[in-house]
Amino acid sequence: MEKLLDTGKVRAIGVSNFSIKNLEILLKHAKVAPANNQVEIHPYLPQHALQKYCDEKGILLSAYSPLGQGNPMFFSDPDFARIAESHDATPAQISISWLVQRGTPPIVKSANVERMKKNITLVKLSPGEMEVIDNIHRKPGAHRSLMTYHRPDGTASMWTYEQLGWPMTVGGLVKE
Ligand SMILES: NC(=O)c1ccc[n+]([C@@H]2O[C@H](COP(=O)([O-])OP(=O)(O)OC[C@H]3O[C@@H](n4cnc5c(N)ncnc54)[C@H](OP(=O)(O)O)[C@@H]3O)[C@@H](O)[C@H]2O)c1
């Protein structure tokens with residue numbers, strides 16, 4: 001990938017699903033640090049430690065599946081729902097606004113034009129509301145991946161959590 005930068009055909013290198021563990025391995029060998037690391041991020045998996053690490057290394061962290069890929073369990077969290085209601089906004093708008101406000105570009109998908117329009121209409125969250133959403137994952141059973149790629153044998157997309165460097169256990173639950 002670094003060689004491709006010299007051809008002028010590639011402007012930046014990005015990686016995906018890289019944990020701190022695997023970024024450490026990569027950065028030992030890379031001449032060019034990745035510009036971007038795209039990982040699953042939403043209120044149930046805020047990736048605070050990875051965010052701090054990427055900020056320190058100058059890697060832009062971006063959020064895939066910011067709405068939980070159609071399994072947005074956090075939409076019904078009472079604190080999260082209350083914030084949405086108080087802004088007269090959809091839960092999706094709150095998740096997207098929280099990510100934009102914390103400096104993590106969300107990569108949202110919708111095939112519905114009305115949702116697309118709403119999804120790009122951001123709301124301004126107060127510091128207190130940001131803090132509440134930052135901490136929703138601390139509730140019992142909340143801190144987890146919402147992806148369907150987790151397998152009962154404790155692997156995700158054929159990788160073990162240890163190989164991936166993800167602090168997870170079977171089903172994508174984060175080890176506390
Ligand atoms: N790098 C990776 O490993 C990786 C992994 C997964 C995903 N991604 C990328 O991340 C992007 C988005 O991810 P995603 O599709 O997995 O997740 P997502 O954006 O979190 O969720 C998409 C789902 O949310 C629904 N949705 C959209 N707006 C909504 C709203 N306002 N209210 C309720 N539901 C809403 C969509 O349904 P409708 O279409 O019916 O609106 C769709 O079912 C994609 O570009 C994908 O390729 C990357």
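Colleague: Which residues come nearest to the ligand?

Modeller: This is a predicted model, in which local features need pLDDT of at least 70, side-chain atom pairs count only at pLDDT 80 or more, and totals for chains, interfaces and linings use all residues. Residues are numbered from 1 along each chain as its sequence is written, and side-chain values use heavy atoms, with hydrogens and water left out. The ligand has 19 residues around it, a residue being near if one of its heavy atoms lies within 4 Å. Those that come nearest are S65, L67, Q69, S110 and A111.

Colleague: Which residue has a polar side-chain atom 2.8 Å from a nitrogen atom of the ligand?

Modeller: A polar contact is a pair of N or O atoms within 3.5 Å. Polar backbone atoms of two residues lie by oxygen of the ligand, that of L67 at 2.7 Å and that of K109 at 2.9 Å. The side-chain atom 2.8 Å from the ligand nitrogen belongs to S16.

Colleague: How are the rings of F74 and F80 paired, stacked or edge-to-face?

Modeller: Rings of Phe, Tyr and Trp (its six-membered ring) pair if their centres lie within 6.5 Å; planes under 30 degrees apart count as stacked, over 60 as edge-to-face and the rest as tilted. The centres of F74 and F80 are 5.4 Å apart and their planes stand at 85 degrees, so the pair is edge-to-face.

Colleague: Is F75 buried or partly exposed?

Modeller: Buried means under 20% relative accessible area, exposed over 50%, and partly exposed in between (1.4 Å probe, protein chains only). F80 has 0% and is buried. F75 has 24% relative accessibility, so F75 counts as partly exposed.

Note on methods: Polar contact = N/O pair within 3.5 Å; in protein donor to acceptor, adjacent residues only side chain to side chain.
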